[in-house]
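Please open the model in your viewer and keep the selection tool at hand. The tour moves from the whole chain to single residues, with one selection at each stop.

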Amino acid sequence: MTETPRVLSYLEALNEALALEMEHDPSVVVFGEDNIGGTGCDGTLGHAWGPTRGLHNRFPNQIFDAPITEAAFVGAAVGAAATGLRPVADLLFVDFAGVCFDQILNQAAKLRYMVGGKAAVPLVIRAMWGTGMRRAAQHSQALYSLFTHIPGLKVVAPSNPVDAKGLMASAIQDDDPVIFFEHKLLYFGSRGVVPEERYTIPLGKASVVREGGDVTIVAIGRMVHEATKAAEALAEEGVEAEVIDPRTLSPFDFDTVYASVEKTSRLVVVDESNPRCSIATDIAGTVAENRFSSLSAAVRTVTSPHAPVPFAASLEDAFPPDAAKIADAVRSTLPSSVTSKAS
């Protein structure tokens, strides 16, 4: 009898990754906001959405809650990492990073360099991000561009459960500080077949989600799913789009993007962040600078507006990129003979 593949949600995959790493290595400690808490504070919920659910019962000496003092517990995590532990600090919402930005910018990112490599900082900072949950402007931002700008930090933004588990394991095992972005809508909205065993996915290696020869679409986090929908719609028009999920934003796998652009000669970059000084503009500019001769059309970017995330449901729904906007951007790169034929 064929065994049914094991399907996990994004949230369940993260929970399993944390559990396996804590079980394998007692120096892995998890703390921050609401890791144990929730209704009754008995460890059954674990976090506002549950990625640490049940871990306190299994690892009571490795997971605990911290007060709502981001500067204090992220600073403590930097110190713990420098002295032999592998802390996973949970900011809850990435929007709270402003409170502890000095600890991230000037301590975690710089310490290894300032001591000539004599100390490592194996720290993971988990942060939820993104629109779609009616959390308004202070709880919905996509701030990964801020962190990719900082040398010394690694930045990860998985789009699916199998990558979330493998990249979390790699982040915990890495000797450099990693900011790990988890989109709120993916917690329950993304499900997939996930191996039960402990495994890693290399940081800095992109994934080609869908192959195609007409245009390259690079999409970040949840936008990978919107880009795939757009690619499927375009395929009905005879346009085959290649969809690339970078998975890691710093280091960034430009080689995979270059190879795709050399094949397709067109590039559209999709980013839920604001457009100015964003990942989208960075990717677009880097490709234009280094593969200009391979391009047959201007690089297009599809982003959210340069504005705070609105609270009103109708406005928030219209705020981030979607499949229709992505497909329109792709069509704008194509010869008029192709688009007129499709219409």
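What follows is a sequence of selections, each with a note on what is found there.

**The whole chain**

Begin with the full chain, bearing in mind that this is a predicted model. Its secondary structure comes to 14 helices and 14 strands, and the C-alpha trace spans about 65 × 55 × 45 Å along its principal axes. The radius of gyration is 20 Å, which agrees with the value near 20 Å that a compact globule of 343 residues would have. If you colour by relative accessibility, buried residues make up 55% of the 343 residues. The chain exposes about 14,200 Å², and carbon and sulfur atoms supply 55% of that area. Among contacts with a separation of 6 or more, 82% are between residues 24 or more positions apart.

**Helix α3**

Next, select residues 70-82, which form helix α3. This helix has 13 residues and reaches 18 Å from its first C-alpha to its last, close to the 18 Å expected at 1.5 Å a residue. Which residues of α3 are buried? They are Glu70, Phe73, Val74, Ala77, Val78, Ala80 and Ala81. These buried residues cover an arc of only 165 degrees around the axis, so they lie on the same side of α3. To see what covers them, add to the selection β2 (28-32), β4 (86-93), α4 (101-108) and β5 (124-129), which are included in that cover. Just after the helix, stop at Gly84, which takes a positive phi of about 120 degrees.

**The nonpolar cores**

In soluble globular proteins, nonpolar side chains tend to be buried together. In this model, the largest nonpolar core has 48 residues, of which Ile104, Leu123, Tyr144, Phe147, Phe181 and Ile283 touch the most other members. Helix α3 gives the most to this core, with five residues. Select Ile104 and display its surroundings: leaving out residues up to four places away in sequence, Ile104 touches Val74, Ala97, Ala109, Ile125, Phe147, Leu153 and Ile179. A second, separate core has 34 residues, including Leu14, Val124, Leu167 and Val178.

**Asn15 in α1**

Now select Asn15, which is found in helix α1 (residues 10-24). Is Asn15 buried or exposed? At 15% relative accessibility Asn15 counts as buried, because the cut-off for that class is under 20%. Apart from its neighbours within four places in sequence, Asn15 is in contact with Gly50, Pro51, Thr52, Arg53 and Leu55.

**Ala235 in α9**

Move on to Ala235, in helix α9 (residues 223-235). Ala235 has a relative accessible area of 24%, and is therefore classed as partly exposed. Setting aside residues up to four places away in sequence, Ala235 touches Arg210 and Glu240. A distance label drawn between the C-alpha atoms of Ala235 and Gly212, which are 23 residues apart along the chain, should read 9.4 Å.

**Backbone features on the way to α10**

Most residues other than glycine have a negative phi, and most peptide bonds are trans. With that in mind, select Arg247 in the loop between β11 and β12. Arg247 has a positive phi of about 65 degrees although it is not a glycine, and with a relative accessible area of 11% it is buried. Continue to Ser250 and Pro251, which are joined by a cis peptide bond with omega of about 0 degrees. Pro251 lies in the loop between β12 (248-250) and α10.

**Helix α10 and beyond**

Select residues 254-264 for helix α10, whose buried residues are Phe254, Thr256, Val257, Tyr258, Ser260, Val261 and Thr264. Their cover includes β9 (207-210), β10 (215-219), β11 (241-245), β13 (267-271) and α11 (279-290), so these elements can be added to the view. The residue that follows α10 is Ser265, whose phi is positive, near 70 degrees.

The final stop is Cys277, in the loop between β13 and α11. Cys277 is a residue other than glycine with a positive phi, near 55 degrees. At 67% relative accessibility, Cys277 counts as exposed.

Key: Residues numbered from 1 in each chain as written. Predicted model: local features only at pLDDT ≥ 70, side-chain atom pairs only at ≥ 80, totals over all residues. Heavy atoms only, no water. Helix = DSSP H or I, 4+ residues; strand = E, 2+ residues; numbered from the N terminus. Expected span 1.5 Å × (residues − 1). Buried < 20%, exposed > 50% of the residue type's maximum accessible area, 1.4 Å probe, protein only. Arc of directions from axis to C-beta. Contact = heavy atoms within 4.5 Å. Rg over C-alpha atoms; globule rule 2.2 N^0.38 Å. Areas by Shrake-Rupley, 256 points an atom, 1.4 Å probe, with all protein chains shown as cover. Core = buried A, V, L, I, M, F, W, Y, C linked by side-chain atoms within 4.5 Å.
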